[in-house]
Amino acid sequence: MRMTRYFLPTLREDQASAEIISHKLLLRGGFIRKVASGIYNFLPIGFRALKKIENIVRAEMDRAGALEILMPMVQPAELWMETGRWQAYGKELLRFKDRKEHDFCLGPTHEEVITDLVRKEVRSYRDLPLILYQIAPKFRDEIRPRFGLMRAREFIMKDAYSFDADEEGLEKSYQLMYETYERIFKNCGLKFRAVEAHTGAIGGDVSHEFMVLAETGEDTLAICSACGYASNVELTPAILGEKYQGEPKKPLEKVYTPGVRSAKDVADYLGLPVSKITKTLIYIVEEKEPVAVVLRGDHEVNEVKLEKILSFRAFRMAREDEILKLIGAHPGFLGPKGLKMKVIADKALEGYPNFVIGANEDEYHYLNANLGETFVPDLIADVRKACPGDLCPRCGAPLDFTKGIEVGHIFKLGTKYSSVMKATFLDKDGKEKPFIMGCYGIGVSRVLSATVEQNHDENGIIFPWQIAPFHIALISLDKTLKEEAEKIYHKLQSHYEVLFDDRDERPGVKFKDMDLVGIPLQVILGKSYKEKGEIEIKIRKNGKRAYTKLDQLEETIEKIKEELLFERI
């Protein structure tokens, strides 16, 4: 492809609306352009990269025996009503009516549609196992779309669904998809980790997320280097590694704490570590029942764990006016002593002597509170996020924490959808049974964004060879070398995807654009070629350069390509 015939509108400056590096670089590099909040055009170079990812996904899914189909983005409400998700899914489900006043939605996922298809067409155990998948747009009406493709409203997703006759079959399908996902992300050239995860709105009993490791990731991962345990921190059991020092219990003492609301401010005011301060948070369950959660000031509530404790009932943080009405004090001065509501205390408070609690009176706290004496909670439970210093739930070694970007998620659904939708088959004994299902998703467009988050420098994107929109940028720096450049262009095109920068531009402009869009190799015709007949090859990943004669050009490129693919450079 020639730059003079290509549509590649690069930008020199970051856009004000872009917050993270992938959003900035995909905009600057001419990969995407915003249409509306969370909705983007893919420009030619962005579409090429997207298709590279799709092709890797498709090849591995086909290799696993999955069959590709295409389902509609527009889905009838009746199917969602069968599973109860029409009401439960929330405002992320974009609902609308057609001209006949029938209710529809734009599909954020396709469990209902695929289950309806299979219940109509598959009747016998002889047709199982079956794995169907598609690569198609999805729409989720995010309340705060941000970070470009990372949290878009419309996005490209690969979603697959397995149907088995029994749990043993589901286990095989699940393991097959787990291994397939590992190959997909490896073939995309990404550093990733599979972790145990929360099933969320999709449902089911078991799930794993596939996380691209990146400092800018929104998710925190807990990893044990000793035994290999790994999970999303929202699912990680919080096992305190700290051993509390024995100290005599002191008498409760009410103290004046003017103007200090946060745990840190209270700690600073009292001259204590923040771990000695507790915070009491009020939640409203199903819009009627107040519940208090008490935990150390240096810990955070894990709302995924809290959701399970509350039997998956809907809940939210109480507003300040609600707290004032319930307790008569402002947030920051709340404590569990004397509360007339259910109190849940985090397990880390067990055996912790003489901590600080709010007095449920503005400007006052209590010193020397003790669990079981100052107050008796209704429940003591693991309700916090695991954090540095906590121990592995498998082997007891200290956990490490890192950031990740979710690019894939697999679920064991069981009969969650097949039972309520009466999707059944006849087993070998002629008995009617519900399908045992699994669900497997990859955010294809998010993989593009995650790739950039993991692979960039101050000059732009550094694409892995496997999903680079072009493999080689051919750059001619001298008009007198036009004929030689054309010959090399045609020579390379037969084996590689080449972007030929044949523009009448300054060398600096050409180099900046090619660095920005992240093409793995730059083949340069300039001073070295004129003086020595040597073609310069710049490796985008590390800036290293190689020089070769024309008759050895492809051999040299192949050697560098192999080193890039096997991460030897």
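This is a short talk that walks through one predicted protein model, from the whole chain down to single residues.

Hi everyone, and thanks for coming. What you see above is a predicted model, so please keep that in mind as I go. Let me start with the chain as a whole. Its secondary structure comes to 15 helices and 31 strands. Along the principal axes, the C-alpha trace spans about 90 × 70 × 50 Å. The chain has 569 residues, and 52% of them are buried. There is also a number for how the chain folds back on itself: if you take contacts between residues at least 6 apart in sequence, 68% of them join residues at least 24 apart.

Now let's zoom in on one helix, H12, which runs over residues 482–493. How far apart should its ends be? With 12 residues at 1.5 Å a residue, the expected span is 16 Å, and the end C-alpha atoms are indeed 16 Å apart, so the two agree.

Which residues of H12 are buried? They are Ala-485, Ile-488, Tyr-489 and Leu-492. Looking down the axis of H12, these buried residues fall within an arc of 105°, so they line one face of the helix. Turn to the other side of H12 and you meet Glu-483 and Lys-487, which are exposed. And what covers the buried residues? The cover includes four strands, S27 at 472–476, S28 at 498–501, S29 at 521–525 and S30 at 535–539, along with helix H15 at 553–565.

Please hold on to H15, since we meet it again in the second largest pocket. H15 and helix H6, residues 167–187, each supply at least two residues of that pocket's lining. The space inside the pocket is about 450 Å³. In total, 19 residues line the second largest pocket, and those nearest its centre are Gly-189, Pro-464, Gln-466, Leu-564 and Glu-567. What is the lining made of? It divides into 9 nonpolar, 5 polar and 5 charged residues.

Next, helix H7, residues 263–270. Its buried residues are Ala-263, Val-266 and Ala-267. They cover an arc of only 100° around the axis, which puts them on the same side of H7. The face turned away from that buried side carries Lys-264 and Asp-268, both exposed. Among the elements covering the buried residues of H7 are strand S18 and strand S19, the latter at 364–369. Right after H7 comes Gly-271, with a positive phi near 70°.

Helix H5, residues 111–121, is mostly covered, with 8 of its 11 residues buried. The buried ones are Glu-111, Glu-112, Val-113, Ile-114, Thr-115, Asp-116, Val-118 and Arg-119. If you follow the chain on from H5, you enter a loop that leads to strand S7, at 130–139, and Pro-129 is found in that loop. The peptide bond from Leu-128 to Pro-129 is cis, with omega near 0°.

That brings me to a few backbone details. As background, most residues other than glycine have a negative phi, and most peptide bonds are trans. Where do we find a positive phi outside glycine? One place is Glu-286, with a phi of about 50°. Glu-286 lies in the loop between strand S14, at 278–285, and strand S15, at 289–296. Another is Asn-354, whose phi is near 60°. Asn-354 sits in the loop between strand S17, at 342–346, and strand S18, at 355–358, and S18 is one of the strands we just saw covering H7.

Are these two residues buried or exposed? Glu-286 has 39% relative accessibility, so it counts as partly exposed. Asn-354 has 6%, under the 20% cut-off, and therefore counts as buried.

My last stop is Glu-322, in helix H9, which covers residues 320–327. At 16% relative accessibility, Glu-322 counts as buried because the cut-off for that is 20%. What does Glu-322 touch, leaving aside neighbours within four places in sequence? Its contacts are Ile-284 and Arg-316. Glu-322 and Ile-284 are 38 residues apart along the chain, and their C-alpha atoms are separated by 9.2 Å.

That's my tour. Thank you for listening, and do have a look at the model yourselves!

Definitions and conventions
Residues numbered from 1 in each chain as written. Predicted model: local features only at pLDDT ≥ 70, side-chain atom pairs only at ≥ 80, totals over all residues. Heavy atoms only, no water. Expected span 1.5 Å × (residues − 1). Buried < 20%, exposed > 50% of the residue type's maximum accessible area, 1.4 Å probe, protein only. Arc of directions from axis to C-beta. Contact = heavy atoms within 4.5 Å. 1 Å grid on protein atoms, 1.4 Å probe; cavity = no way out; pocket = protein on both sides within 12 Å on 5 of 7 lines; lining within 4 Å. Points joined across faces, edges and corners; volume = space filled by probe spheres on them. Nonpolar A, V, L, I, M, F, W, Y, C, P; charged D, E, K, R; others polar.
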